[in-house]
Amino acid sequence: MSSSGTIALMDIWAMLDHCAPGHTRKQRTHNWAVSFGGKTFPNLPVGDHGARKNPEIQVGWVKTMVRHLGIMECAKTQIERL
């Protein structure tokens with residue numbers, strides 16, 4: 001399975017709400033820091049330049065984040081592309 005394509009940020013937040021209840025997210029200048037279970041993934045991109053209401057995030061970043069946070073099995077049930 002490849003890591004190509006994108007996932008809308010709102011879909012990522014919905015997946016995290018389901019798979020990582022109690023997670024925290026903090027927007028920084030160039031990325032989001034997502035924390036859950038004592039781990040922090042500090043590199044989730046904020047999206048392309050311009051309006052960032054619901055940017056598309058590359059699948060590879062999302063896969064790396066869910067692996068790091070230890071929620072891959074649940075995440076796969078929420079986002080088919082993973």
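Visitor: Which helix is the place of G60?
Guide: G60 is in helix α2. Keep in mind that this model is predicted.

Visitor: Why is G60 called partly exposed?
Guide: Its relative accessible area is 23%. Buried means under 20%, and exposed means over 50%. G60 falls in between, so it is partly exposed.

Visitor: How far is G60 from S4, going by C-alpha atoms?
Guide: The two C-alpha atoms are 7.0 Å apart. Along the chain, G60 and S4 are 56 residues apart.

Visitor: Which residues of α2 are buried?
Guide: They are V59, V62, K63, M65, V66 and L69.

Visitor: How do you know that these residues line one face of α2?
Guide: Look down the axis of α2. The buried residues fall within an arc of 165°, so they line one face of the helix.

Visitor: What covers the buried residues of α2?
Guide: The cover includes β1 (6–8), α1, β3, β4, β5 (56–58) and α3.

Visitor: Which residue follows α2, and what is its phi?
Guide: G70 follows α2. Its phi is positive, near 75°.

Visitor: Now for α1. Which of its residues are buried?
Guide: Helix α1 covers residues 9–19. The buried ones are L9, I12, W13, M15, L16 and C19. Seen down the axis of α1, they fall within an arc of 160°, so they too line one face of their helix.

Visitor: What makes C19 buried?
Guide: C19 has a relative accessible area of 9%. The cut-off for buried is under 20%, so C19 qualifies.

Visitor: And why is C74 called partly exposed?
Guide: C74 has a relative accessibility of 25%. That value is not under 20% and not over 50%, so C74 counts as partly exposed.

Visitor: What makes C19 and C74 a disulfide?
Guide: Their sulfur atoms are 2.2 Å apart. The cut-off is 2.5 Å, so the pair counts as a disulfide. C19 lies in helix α1 and C74 in helix α3 (residues 72–78), so the disulfide ties together parts that are 55 residues apart in sequence.

Visitor: Why is this disulfide called left-handed?
Guide: The torsion about the S-S bond of C19 and C74 is about -80°, so the disulfide is left-handed.

Visitor: How many disulfides does the rule give?
Guide: The count comes to one.

Visitor: Which residues of the largest nonpolar core touch the most other members?
Guide: The core has 24 residues. I12, M15, L16, L44, V62, M65 and V66 touch the most other members. The elements giving two or more residues to this core are α1, β3 (31–36), β4, α2 (59–69) and α3. Helix α1 provides the largest share, six residues.

Visitor: What does M15 touch, leaving out residues up to four places away in sequence?
Guide: M15 touches A20, V62, M65, V66, I71, A75, Q78 and I79.

Visitor: On to the strands. Where is N43 found?
Guide: N43 is in strand β4 (residues 39–45). Beyond residues up to four places away in sequence, N43 touches N31, W32 and W61.

Visitor: How do you know that N43 is partly exposed?
Guide: The relative accessible area of N43 is 36%. Partly exposed lies between the 20% and 50% limits, so N43 fits.

Visitor: Which strand holds T24, and what does T24 contact?
Guide: T24 lies in strand β2 (residues 24–27). Leaving aside neighbours within four places in sequence, T24 is in contact with A33, V34 and S35.

Visitor: Why is T24 called partly exposed?
Guide: T24 has a relative accessible area of 47%. Exposed needs over 50%, and buried needs under 20%, so T24 is partly exposed.

Visitor: How many helices and strands are there?
Guide: The protein has three helices and five strands. Along the sequence, the pattern is β-α-β-β-β-β-α-α.

Visitor: What makes the protein as compact as a globular protein of its length?
Guide: Its radius of gyration is 12 Å, close to the 12 Å that the globule rule gives for 82 residues, so the protein is as compact as a globular protein of that length.

Visitor: What share of the residues is buried?
Guide: Buried residues make up 38% of the 82 residues.

Notes. Residues numbered from 1 in each chain as written. Predicted model: local features only at pLDDT ≥ 70, side-chain atom pairs only at ≥ 80, totals over all residues. Heavy atoms only, no water. Buried < 20%, exposed > 50% of the residue type's maximum accessible area, 1.4 Å probe, protein only. Helix = DSSP H or I, 4+ residues; strand = E, 2+ residues; numbered from the N terminus. Arc of directions from axis to C-beta. Contact = heavy atoms within 4.5 Å. Rg over C-alpha atoms; globule rule 2.2 N^0.38 Å. Core = buried A, V, L, I, M, F, W, Y, C linked by side-chain atoms within 4.5 Å.
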